[in-house]
Amino acid sequence: MLSFARGLNRDSEAFVVFITEKYDYKDKNSILSKDLVKKIDSFLKILKAKNIREEINSLDISEKKKCFVIKVKDKYEDYYFTEIGGKFFTYLKNFKNISSVDIYADSLNEHKDNLVKLFSEFIFGFNLKSYAFDKYKILSKNKIDKKINFKIITLYKNKIESAYRYYNAIKEGVFFARDLVSEPPNILSPEVYVQKIKKLAKLGLNIKAYNEKELKKLGLNALLGVGQGSSNETYLVTIEWNGNKQSKQKPLAFVGKGVCFDTGGISLKPAKFMEEMKYDMAGSAVVVGLLKTLALRKANINAVGVVGLVENMPGSNAQRPGDIVKSYSGKTIEILNTDAEGRLVLADALSFTEKKYKPKFIIDLATLTGAIIISLGEEYAGLFSNNDELSKNIFKSSESVNEKVWRLPLHKNYDKLMNSNIADVQNINYVGGAGAITAAQFLQRFILNNTPWAHLDIAGMAFQKKAANLNPGGATGFGVRLLNHLIKKYYE
Ligand code: BES
Ligand code: ZN
Ligand code: ZN
């Protein structure tokens, strides 16, 4: 729970003061009593003398009250305050009986406008890190973290309060994406996924789901082929946000891979870690989360999300290695490996999006290849693009929010590796390595009108066992913050 106030609350169990690298803080407004100032000052002297390096330290003011002192760098990256917020959440976990904290924002020596932004971000980071997916812990409720009541103490109460609404919209989008990714695959079938997306219509999003019959009529056979072995129906869903109705601005398009479970199909995956393939729909979840954020913050932009939702199963009707399908683009695809299914889903989703919306650009997100994890591990997503400007903007946004991407090349020599002997294109390359790149080359074949396009391979980023500054481990929602920043900064 978060609230805002102008003065410290006597009953809260703790309060936070921010200090500079030189161990000063500002109390111009005399919010702190003389007694508190004295205690804090002598504590800071000790910290300084001992050259304590920790960013966060605690001081007992009385038996019932603590003061947390957070040291802030003089020069910092755009995402710094968000990440301190996350670190503060982790730190607070050591203090089991604290349930209310006052945060004295004005103690930081910052210009007022900056202060507003920084404190919204601090709370944003704290909230992102506090995420928990515990709905299936039915008989072991003890692990649930206690909720903490926050009060931001500042003279700029109204400003921070309204700035925070923007960050809260992003948080909601990230959490929605994490929730979708965390759901087990027996629950989150494509059908159930569609129902969850449809509930977002109440935010003003225009949502349409195409079922198998409609997809067949339209000719999205590459997508349909992937779901052929599953008893769950395949869907393509479009989610439109028309936040800028007056303008003739072409929409920004976001396309996501939504493989609700990837067994590999007839080219079956080995058993080890196969359970991780429930997160093979993470690209789509990021797209859905992003559209939710745009709607919540009433973004002044037209955008569309398109997600292909399907389950890749072996079965008596499953697609076989050797099958040839005619994609929505008209190109035929020889399926050499049914486990390279994400690109089949995206092939149709990309050309459908390009044709239907004639977007300003298309960005797709997918847990597309194991090869990208070999190349970049769990640090960077792979970025591929036919457009330098789009690519640069994505890169700059990625640096601002610390959701890192690294651009890898596309080249006609890689493209050649995807030529099939008997169809227009084949879905894997047998020679030449470069698995993440050749997958991207495959996708590029389905951008038919040279629309600026970027592909983010997020296989290493979508789900991480290890906790990080802004998530507790598990589904990360990687991409929502990045793309929201991109839209806000460069296109809105
Ligand atoms: N969903 C996988 C990619 C993946 C692997 C995501 C590991 C996250 C973690 C994708 O559908 C796949 O199976 N790709 C194959 C392609 C290969 C058959 C050319 C791969 O990467 O092994
Ligand atoms: Zn696969
Ligand atoms: Zn997959």
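The exercises below work through the two zinc sites, ligand 1 and one helix of this predicted model.

**Exercise 1.** Identify the protein donors of the zinc ion (ligand 2), and determine which class its geometry falls into.

*Solution.* Begin with the donor atoms: Asp262 (OD), Asp339 (O), Asp339 (OD) and Glu341 (OE) lie 2.0 to 2.2 Å from the zinc ion (ligand 2). Next, place these residues along the chain, where they follow the spacing D-x76-D-x1-E. Then turn to the angles, which run from 71 to 166 degrees among six donor atoms, and the site is accordingly classed as irregular.

**Exercise 2.** Carry out the analysis for the zinc ion (ligand 3), asking which residues donate to it and how its site is classed.

*Solution.* The protein donors here are Lys257 (NZ), Asp262 (OD), Asp280 (OD) and Glu341 (OE), at 1.9 to 2.4 Å from the zinc ion (ligand 3). Their residues are spaced K-x4-D-x17-D-x60-E in sequence. The angles among the six donor atoms of this ion span 77 to 174 degrees, and the site is octahedral. For reference, ideal angles for six octahedral donors are 90 or 180 degrees. As a last step, consider burial: lysine 257 and aspartate 262 are both buried.

**Exercise 3.** Establish how far apart the zinc ion (ligand 2) and the zinc ion (ligand 3) are, and which parts of the chain are tied together at the site.

*Solution.* The two zinc ions are 3.2 Å apart, and aspartate 262 coordinates both. Aspartate 262 belongs to strand β9 (residues 252-262), while glutamate 341 sits in the loop between β12 (332-334) and α9 (342-357), so the pair ties together parts that are 79 residues apart in sequence. Both aspartate 262 and glutamate 341 are buried.

**Exercise 4.** Describe the surroundings of ligand 1, its polar contacts and the share of its area that the protein buries.

*Solution.* First, ligand 1 is surrounded by 17 residues, of which Lys269, Asp280, Asp339, Glu341 and Gly370 are the closest. Second, its oxygen atoms take part in contacts with side chains: one lies 2.8 Å from an N or O atom of lysine 269, and an oxygen atom is 2.9 Å from a polar side-chain atom of aspartate 262. Third, a nitrogen atom of ligand 1 is 3.4 Å from a polar backbone atom of threonine 367. Finally, ligand 1 taken alone exposes 520 Å², and the protein buries 78% of that.

**Exercise 5.** Decide whether helix α13 is mostly covered or mostly uncovered.

*Solution.* Helix α13 covers residues 435-444, and eight of its 10 residues are buried, making the helix mostly covered. Among the buried residues are Ile437, Gln441, Phe442 and Leu443.

Key
Residues are numbered from 1 along each chain as its sequence is written. Chains are lettered from A and ligands numbered from 1 in the order in which they are written. This is a predicted model: local features need pLDDT of at least 70, side-chain atom pairs count only at pLDDT 80 or more; totals for chains, interfaces and linings use all residues. Side-chain values use heavy atoms; hydrogens and water are left out. Donors are N, O and S atoms within 2.8 Å of the metal (3.2 Å for Na, K and Ca); water is not among the atoms, so sites may look incomplete. Four donors count as tetrahedral if all angles lie between 85 and 135 degrees; four count as square planar and six as octahedral if opposite donors are over 155 degrees apart and all others between 65 and 115; anything else is irregular. Helices (H or I, at least four residues) and strands (E, at least two) are DSSP runs, numbered from the N terminus. Buried means under 20% relative accessible area, exposed over 50%, partly exposed in between (1.4 Å probe, protein chains only). A residue is near a molecule or strand if one of its heavy atoms lies within 4 Å of it. A polar contact is a pair of N or O atoms within 3.5 Å; within protein, one must be able to donate a hydrogen and the other to accept it, and residues adjacent in sequence count only if both atoms are side-chain atoms. Accessible areas come from the Shrake-Rupley method with a 1.4 Å probe; for residues, only the protein chains shown count as cover.
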